[in-house]
Amino acid sequence: MDRKAPEQDEPLFVTRPQLPPLEEVMPYLEEIWRTHQLTNKGPFHEQLEAALCDYLGVEHISLFANGTLGLVTAMQALRLTGEVITTPYSFVATANALLWNDLTPVFVDVDPVTLNLDPAQVEAAITPKTSAILPVHVYGQPADVEGLQHIADLYGLRLIYDAAHCFGVEDEGGSILRHGDMSILSFHATKVFNTFEGGAIVSPDAKTKQRVDYLKNFGFANETTVVAAGINAKMNEFQAAIGLAQLQHIDEAIARRARLDDIYREALADVKGIRCPPVSRAARYNHAYFPIFVEDDYPLSRDELYFRLRENGIYGRRYFYPLIPEFPMYGNLPGIENRDWPIAHAASERVICLPMYPDLTDEQARRIAMVCAEPGGSA
Ligand SMILES: *Cc1c(COP(=O)(O)O)cnc(C)c1O
């Protein structure tokens, strides 16, 4: 692997978006310039849908311009109404997509180990207005898919997964994306698999995919028929071409992430007050993030460590802080003042996601761990 030697003063961000080799992208660009097919179900769009079905082990994928439009469209496709139970511990797009559909997010607390929605808390929050559950597989760690499906079936609710973090994650039965009524992926630059911007909906059957495909293209069912007030959320040929080139390198990229995960775990194992994330129970994990939890017996507070890392050129991120319902604009939701999320809140005050991306060298990962282990030392 042609990884250049790390430079000591090169800033290390939480992620460094992956790019395929330029020479592997050029033939795609030449083809686009030759055919002038830029968007609207072009050949690369169709190829990427097929290639992703194959790679991810699912049958029905619809590509999107980005993941947020995928979330918004999924809620339209399932005709959700009223209240949707979701997690406070996620990126704000999860809940914003509900507001764009005039749905009321009902935030409930998470499981202390996985930080994913806790089915018991979900059940306790169901009202006659509830139409769906919207869990997130946080950090790519599978949510309790069986527990959540059980609740959804019992109460006749839809189950939509924000799967933005879990490209390539599998459980014993195959892709984690096969669960629920739909799963939404993000191919944003910062994600494990990127098309610069992009996303996808995984549908359970061809009929659902067809409805999603209409909705992402203004609601057109054919040249002269519009069947719904659709939006424009199509992925273009440039994005699809990037995706096809990226896919050639994804296994290597995930293997590299796994190696860095091992290095962090080993280097931080005996550091008092730093807790590493639980080892994934997934049959195949993607190592999307490496969140550490700064406990009370660590010599610094979470924020002190966060800024100490920055002084050392290491730009971790406090994902997810603050909690979504702690953003001031979410404070206006009816009934929100009667809710609290002690487990999610505690996690949001303890977490720092360390740099995690395939270009990070072993040496850089060890240096980052060293700053965490000896925050007073000169790393
Ligand atoms: C990245 C992300 C999104 C949004 O995806 P975009 O492709 O950036 O629109 C939604 N939910 C979660 C949990 C994310 O991490």
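Here a colleague asks a modeller how the labels on this predicted model were arrived at.

Modeller: Ground rules up front: residues are numbered from 1 along each chain as its sequence is written. The model is predicted, with pLDDT of at least 70 needed for local features and 80 or more for side-chain atom pairs, while totals for chains, interfaces and linings use all residues, and side-chain values use heavy atoms, leaving out hydrogens and water.

Colleague: What makes Thr68 a polar contact of the ligand?

Modeller: A polar contact is a pair of N or O atoms within 3.5 Å; within protein, one atom must be able to donate a hydrogen and the other to accept it, and residues adjacent in sequence count only if both atoms are side-chain atoms. A ligand oxygen sits 2.6 Å from an N or O atom in the side chain of Thr68, so the pair qualifies. Asp162 has a side-chain N or O atom 2.7 Å from a ligand nitrogen, and for Lys191 a polar side-chain atom is 3.3 Å from a ligand oxygen. The protein covers 92% of the 380 Å² of accessible area that the ligand has on its own (Shrake-Rupley method, 1.4 Å probe; for residues, only the protein chains shown count as cover).

Colleague: Which residues come nearest to the ligand?

Modeller: Near means a heavy atom within 4 Å of the molecule or strand. Of the 14 residues around the ligand, Thr68, Asp162, His165, Ser186 and Lys191 come nearest. Helices α3 (67–77) and α4 (93–100) each supply at least two residues of that shell.

Colleague: How do you know that β3 and β4 pair, and in which sense?

Modeller: Pairing takes at least two bridges found by DSSP. Strand β3 (residues 83–86) and β4 have four, in the parallel sense, so they pass. Val84 stands opposite Pro105 in β4. Strands and helices here are DSSP runs, numbered from the N terminus: E over at least two residues for a strand, H or I over at least four for a helix.

Colleague: Why are β2 and β4 called edge strands?

Modeller: The open sheet has seven strands in the order β2-β10-β9-β6-β5-β3-β4, with mixed pairing. β2 (60–64) and β4 (104–107) each pair on one side only, which makes them the edges.

Colleague: What does α3 touch on that sheet?

Modeller: Contact means heavy atoms within 4.5 Å. α3 touches β2, β5 (130–134), β6 (158–162), β9 (182–186) and β10 (199–203), and its direction makes about 165 degrees with that of β9. Axes are lines fitted to C-alpha atoms, for helices over the stretch in contact, and angles run from 0 to 180 degrees between N-to-C directions. Helix α6 (residues 145–155) touches β5 and β6, at about 150 degrees to β6.

Colleague: How many strands are in the sheet with order β13-β14-β16?

Modeller: Three, in an open sheet with antiparallel pairing. β13 and β14 (residues 290–294) share two bridges, so they just meet the pairing rule of at least two. Phe293 in β14 is the bridge partner of Arg275. Helix α9 (residues 250–268) packs on this sheet, touching β13, β14 and β16.

Colleague: Which peptide bonds are cis?

Modeller: Among them are Tyr319 to Phe320, with omega near 10 degrees, and Tyr321 to Pro322, with omega near -10 degrees. Phe320 lies in the loop between β15 (314–315) and α11 (342–350), and Pro322 is in the loop between β15 and α11 too.

Colleague: Why flag the phi of His36?

Modeller: Because most residues other than glycine have a negative phi. His36 is not a glycine, yet its phi is positive, about 60 degrees.
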